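Open the model in your viewer and keep the selection tool handy. We'll go from the whole chain down to single residues.

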There are 2 protein chains.
Amino acid sequence: MNFWFVLCFVSIAVILEVVESIPKYKVGHFEQLVDHFNFEESASFQQRYLFSEIYWDGKGPIFFYSGNEGSILGFWENSGFVFEAAQKFNALVIFGEHRYYGTSLPFGQDSFKHGNIGYLSIEQALADFAVLLTQLKKDFNATDKAVVSFGGSYGGMLSAYLRFKYPNIVRAALAASAPIYMLADTTTRDFFFPAVTKDFQDADKTCPGNVVQGFIEIENLKKQGEKGLPVISEAFKLCKPLTSVDQINHLIGWIRNAFTIMAMCDYPYPTSFLAPLPANPVNYACKVISGSSNKMEGLAEAAGLAYNGTGGKLKCFDPWIEFVECADPTGCGTGNDNLAWDYQACTEFLLPSGTNNVTDMFPELPWTLDMRNEYCNKTWNVKPRLQWTGTSLWGKNISSASNIIFSNGDLDPWRPGGVLESVSSSLVAILIKGGAHHLDLRPSNPNDPPDVTAAREQELALIRKWIS
Amino acid sequence: MNFWFVLCFVSIAVILEVVESIPKYKVGHFEQLVDHFNFEESASFQQRYLFSEIYWDGKGPIFFYSGNEGSILGFWENSGFVFEAAQKFNALVIFGEHRYYGTSLPFGQDSFKHGNIGYLSIEQALADFAVLLTQLKKDFNATDKAVVSFGGSYGGMLSAYLRFKYPNIVRAALAASAPIYMLADTTTRDFFFPAVTKDFQDADKTCPGNVVQGFIEIENLKKQGEKGLPVISEAFKLCKPLTSVDQINHLIGWIRNAFTIMAMCDYPYPTSFLAPLPANPVNYACKVISGSSNKMEGLAEAAGLAYNGTGGKLKCFDPWIEFVECADPTGCGTGNDNLAWDYQACTEFLLPSGTNNVTDMFPELPWTLDMRNEYCNKTWNVKPRLQWTGTSLWGKNISSASNIIFSNGDLDPWRPGGVLESVSSSLVAILIKGGAHHLDLRPSNPNDPPDVTAAREQELALIRKWIS
């Protein structure tokens, strides 16, 4: 459950506060072809979608959320802005689930087997959405209504791609925190962990130094061999103490991932991912570490935040459950959604490289293309294709597209992979100061920085212009 | 060898006249993936392409012909305008062969077997071209050079689709006689044979009446049962006389197809398809029929033109070789290319319906969706999908595209399926008075009507504007 785009769930307290803006959903199922591009394949599956007509007056547009790597229910609950916008536009709201996630499994529990998983691709997923929308427009007697696609992170990329590839179906798109340039074949993959580091640097100049110090203390204990293991195990409250020096790298990945989660979910109000995070978790973590006399222990306490929250109930941690190594250097969890994501990271979704301790504050944990190729061959018997997405999904040559907003927050470590400058008057980049990962897609909150409020207003104005 | 887009080959005499404008090609082969959309499939095949650098100065653009349903060699020889344009632009010329045609067979001679043929789709073919171009731009050290896609008929549709789906690769497109609106799910399929009829009507008002009279005479003989068969067989110079009344419908299809060929190839100079056609074959045929005292015999002589030419060497005809019934109501021939085309006509390429003797001059030979479905299920075990191409290839909702010329001649029976009105200043429709099927793509000819000369000039001006 630990995607590269972390679903920093709104915490219960916040949900109670904004509950009025998130309507109840109805569930629909659509018979979707497993393979849109091969007519000899006639197998089909049930694609799930959620919808609500409560704001719709039969005349307004359709607001479509392009589901990404997880159950569509999570996106419904965490994309409050879509409903706030729908209310203003009297829009019909539809959330489409991405194939191979949630319950939209083409071959049920066998979906992840060799021979079945191959139908998981961005192109098939986009075709699903296009075909689904074509039919739903008919079903809702809305064939002449404009569709606006919304999405955050990978979902934001899909929203933009829908407008790229199916502009006949989708009139405009809001691609929030969508690092589409990351999939250009000319992109270097080394931007991510330096950006995570910068978040901590910006919160407190001394913070990265303290973090590095904590890792050095781990390194020093590692040099002591087995003797140092109990000290580390105790500091990190491990349920099962380390038994070998070789395990330390995994622990480091677990720590690094905690910092990644805090950077992505660095919202100005409490949220919850694996555990309830405080408001501004990056500042919070920096304070915890700087206040610790032993920096390794500070590191442990800060990492615990991501996995256990401020008032966490876990008595101890199990990094082998909480952080599963996979093709995504920010780790995977367990379960179907994570299998699907791992496969995508092994095929079309070329994710960032690892850490080097030079341009980032983390120990050297490389994730080179060679390492990825070896892992993907072993795990899925597939070979990533570097050039394909640059060709298929336009790389950085997107100027012929139109009616797309690319929003990015300056706290979001995915930001460097995004479209940060407007390409034309209808390919508009919006930068959100004080914004973490797709903050603008979340429901309005009293603690929102002014920039995100302004961004949402600009987004609504552009959408209104483009669909009128 | 009888595609719906008839390759009305330039006759030898004409080729000699214009031979200077068609350079010799070099042949290349590119290792192409059989399935671009499924990473579990790693099989590859050799895609053929032709190219010439003789006009290229290393600075000019790339002119790419999007190969359609046949060997790429035929397109190279019959698209002289591409070379005339390349000379003016100092362009690199590349002609890409369409998968499953010519020698670009993904599974060799087994390509047309069940389980192998399914990788034949427009989406896969477009991906082939996009991937091929991406690599060739690198190979020719031309990554910053604009690509212009050219094509006629189905190849023109592919040229437009390339700009729709891969505008990062293709800057502008000339889609000559490309009936892209035909693949919208809202299109009726009944435009084709009325348009063929209109061509004959426009050439000579009495012509359709004479044709109808010829068919009535066949019908009267048919009513006589077996007694009438020798009369028909003799009139049509059949190598094997008819043995059953049931065969007459096939003969009618063969005749109807001859009229289709003449309408599509109604050029102002001699060309050759199955046989050397005279200049303006529609006028020629009308004269032949009106000059015959027996209209059935006139019909026979006119039909013979298409299959045997003006000075034909055939002593007799075999309609079962010259016209093979298939999913395309204008018939197929034999051989691999025709198998591939039949499969495409059974999947994404929903071709026109048949004739009804009310809106056209031909006997009632229906080709309904039900008939097509039954045929396709029996022949290929596939089911056409009416809505898919309207979704995938944008139907009639193309306004977000740019830099495409849609040219159509008023003599071309495919014209009603084309884009006949400009959609915007960069989606430009050009109508060519006196133009048959993609006349503008052919080499300049002293007998060209002024409209096609003007059209070519406008096309070059638009291309120059769009790639500058």
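Of the contacts in chain A with a separation of 6 or more, what percentage comes from residues 24 or more positions apart? The share is 71%, where contact means heavy atoms within 4.5 Å. A quick word on ground rules: this is a predicted model, so local features need pLDDT of at least 70 and side-chain atom pairs count only at pLDDT 80 or more, while totals for chains, interfaces and linings use all residues. Residues are numbered from 1 along each chain as its sequence is written, chains are lettered from A and ligands numbered from 1 in the order in which they are written, and side-chain values use heavy atoms, with hydrogens and water left out.

**Stop 1: all of chain A**

Select chain A and switch to cartoon. You should find 16 helices and 11 strands; these are DSSP runs numbered from the N terminus, with helices being H or I of at least four residues and strands E of at least two. The radius of gyration is 22 Å, close to the 23 Å from the globule rule for 468 residues, so chain A is as compact as a globular protein of that length. That radius is taken over C-alpha atoms, and the rule is 2.2 Å times the number of residues to the power 0.38. Line the view up with the principal axes and the C-alpha trace spans about 70 × 50 × 40 Å.

Now turn on the surface. Chain A exposes about 16,500 Å², with carbon and sulfur atoms supplying 52% of that (Shrake-Rupley method, 1.4 Å probe; for residues, only the protein chains shown count as cover). Of the 468 residues, 65% are buried; buried means under 20% relative accessible area, exposed over 50%, and partly exposed in between (1.4 Å probe, protein chains only).

**Stop 2: the two domains**

Colour 26-185 plus 390-467 as domain 1 of chain A, and 191-380 as domain 2; the bounds come from an automatic or database domain assignment. Over C-alpha atoms, the domain centres sit 29 Å apart. At the contact between them, domain 1 of chain A puts in 38 residues and domain 2 of chain A 26.

**Stop 3: Trp254(A)**

Go to helix α9 of chain A and pick Trp254(A). Is Trp254(A) buried or exposed? Trp254(A) is buried, at 0% relative accessible area. Leaving out residues up to four places away in sequence, its contacts include Phe236(A), Tyr307(A), Phe317(A) and Phe323(A). Draw a C-alpha to C-alpha distance to Thr330(A): you get 8.8 Å, across 76 residues of sequence.

**Stop 4: Lys237(A)**

Next, select the loop between α8 (229-235) and α9 (248-264) of chain A, where Lys237(A) sits. Phi of Lys237(A) is near 50°, a positive value in a residue other than glycine. Lys237(A) counts as exposed, at 52% relative accessibility.

**Stop 5: Tyr100(B)**

Hop over to chain B and the loop between β5 (92-96) and α4 (122-139), home of Tyr100(B). Tyr100(B) also isn't a glycine, and its phi is positive at about 75°. Tyr100(B) is buried, with a relative accessible area of 0%.

**Stop 6: Lys138(A)**

Finish in helix α4 (residues 122-139) of chain A with Lys138(A), which is partly exposed at 34% relative accessibility. Show chain B as well: not counting residues up to four places away in sequence, Lys138(A) touches Thr143(A), Asp185(B) and Gln387(B). For a last distance, try Pro208(A): 70 residues from Lys138(A) in sequence, and 55 Å away in space, C-alpha to C-alpha.
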